[in-house]
Amino acid sequence: METIYLNKENLAAYQEVASAKVMALGCFDGLHHGHVKVIQTAWQEAKERQVSLSVMSFFPHPKTIMGGKACFHYLMPQSEKEKRFCELGVDTFYLVEFDRDFAGLSSQEFVKEYLVNLGVIHAVAGYDFSYGSRGAGNMDTLNQDSGDRIDVTTVDKVEYNGEKISSTRIRELLLEGNVEELPYLIGYSYEIKCEGAGSVLTPFSHFTLPAPGRYDVILKNKCKSIQTEVTVNEKGVTLTSIDPIPSWLEGNLTIVWNQRMKAEKVQMGKKDHTIFRPLFV
Ligand SMILES: Cc1cc2nc3c(=O)[nH]c(=O)nc-3n(C[C@H](O)[C@H](O)[C@H](O)COP(=O)(O)O)c2cc1C
Ligand SMILES: Nc1ncnc2c1ncn2[C@@H]1O[C@H](COP(=O)(O)OP(=O)(O)OP(=O)(O)O)[C@@H](O)[C@H]1O
């Protein structure tokens, strides 16, 4: 899979070499079940038309530019997104620089310059995808904005428990420490890449730590894994129940967040002690 960092300076060069393609559109932070359905639908459309499959995403996230959110809780860095797109059969990943100039493009300008002139013959996105200045364009206007040159497939809402699965909901669950719900939305336990040094695990950027608390996790590197407990506090993540710490836990690791531990008061002899148990056993 090729990744193309697209901006207004290099757009013309990519338009010149463009060939026919199906394009899936959206930010795709955290790649949940709704996102996967959009990309799988686009894959099917590309296969039927015997053309390549591309995804167009935007960085930084439009909400950080339009909503003025200085602190935005990304769920995964672009490198993780790339890996997942590759697994889903994407040929080209266009990552468009989202700045105020780009956000100011009218719906028609965006569709002409970034879709039609890049060879898009079919666009796929979810029912709530919007584009163009003030998000004025949507899945009902895309075909018309393209002068009838792009066909459109709209993916229906994918839900869990009667609610839209969304990156926003995943961020909320993480910030509540509710990591055990996440497999229902993303298909597996949430993972964070980090650097281990002694008892301290330092997450790489563009991941979101769950709320402060103790968690049952799996730590793994390319060769080994261990189930253990970690504590999240305002300073970061620390190992709380491995002593001595094995040497393979130094360096690049993945933290797989299984569940939050519940604090319980138990009486041992005459004294009260706090112990931590899994929420669900
Ligand atoms: C050309 C273009 C201009 C946009 N301008 C705005 C804007 O002015 N205000 C806004 O809130 N979002 C704007 N957006 C963001 C979209 O509304 C939407 O959030 C983005 O395309 C990602 O879609 P998704 O959230 O469905 O993944 C723009 C998007 C595009 C492609
Ligand atoms: N639950 C869903 N069902 C169907 N399509 C979805 C769903 N969630 C997102 N999509 C589509 O996937 C693409 C990427 O969406 P986007 O990145 O906005 O995800 P999101 O989960 O809605 O994000 P956020 O909560 O940050 O707005 C868009 O085309 C969007 O319409």
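This passage describes the two domains, the surroundings of ligand 2 and one loop glycine in a predicted model. In this predicted model, local features need pLDDT of at least 70 and side-chain atom pairs count only at pLDDT 80 or more, while totals for chains, interfaces and linings use all residues. Residues are numbered from 1 along each chain as its sequence is written, and chains are lettered from A and ligands numbered from 1 in the order in which they are written.

The protein chain splits into domain 1 (2–160) and domain 2 (183–278), with bounds from an automatic or database domain assignment. Their centres, taken over C-alpha atoms, lie 35 Å apart. Across the boundary, 10 residues of domain 1 are in contact with nine of domain 2 (C-beta atoms, placed from the backbone, within 7 Å). The side of domain 1 that touches domain 2 comprises six nonpolar, four polar and no charged residues (nonpolar: Ala, Val, Leu, Ile, Met, Phe, Trp, Tyr, Cys and Pro; charged: Asp, Glu, Lys and Arg; polar: the others, Gly among them).

Turning to ligand 2, its shell holds 21 residues (C-beta atom, placed from the backbone, within 6 Å of the molecule). The closest are Gly26, Cys27, Gly34, Ala125 and Gly126. At least two shell residues come from each of α2 (33–49), β5 (120–126) and α8 (167–175), and α2 gives the most, with four. Helices (H or I, at least four residues) and strands (E, at least two) are DSSP runs, numbered from the N terminus. By class, the shell has nine nonpolar, seven polar and five charged residues.

Finally, glycine 104 sits in the loop between α5 (100–103) and α6 (107–115). Glycine 104 counts as exposed because 11 other C-beta atoms lie within 10 Å (buried: 20 or more; exposed: 12 or fewer; partly exposed: in between; C-beta atoms placed from the backbone). Arginine 134, 30 residues away from glycine 104 in sequence, is 7.9 Å from it in space, C-alpha to C-alpha.

Definitions and conventions: Two residues are in contact if their C-beta atoms, placed from the backbone, lie within 7 Å.
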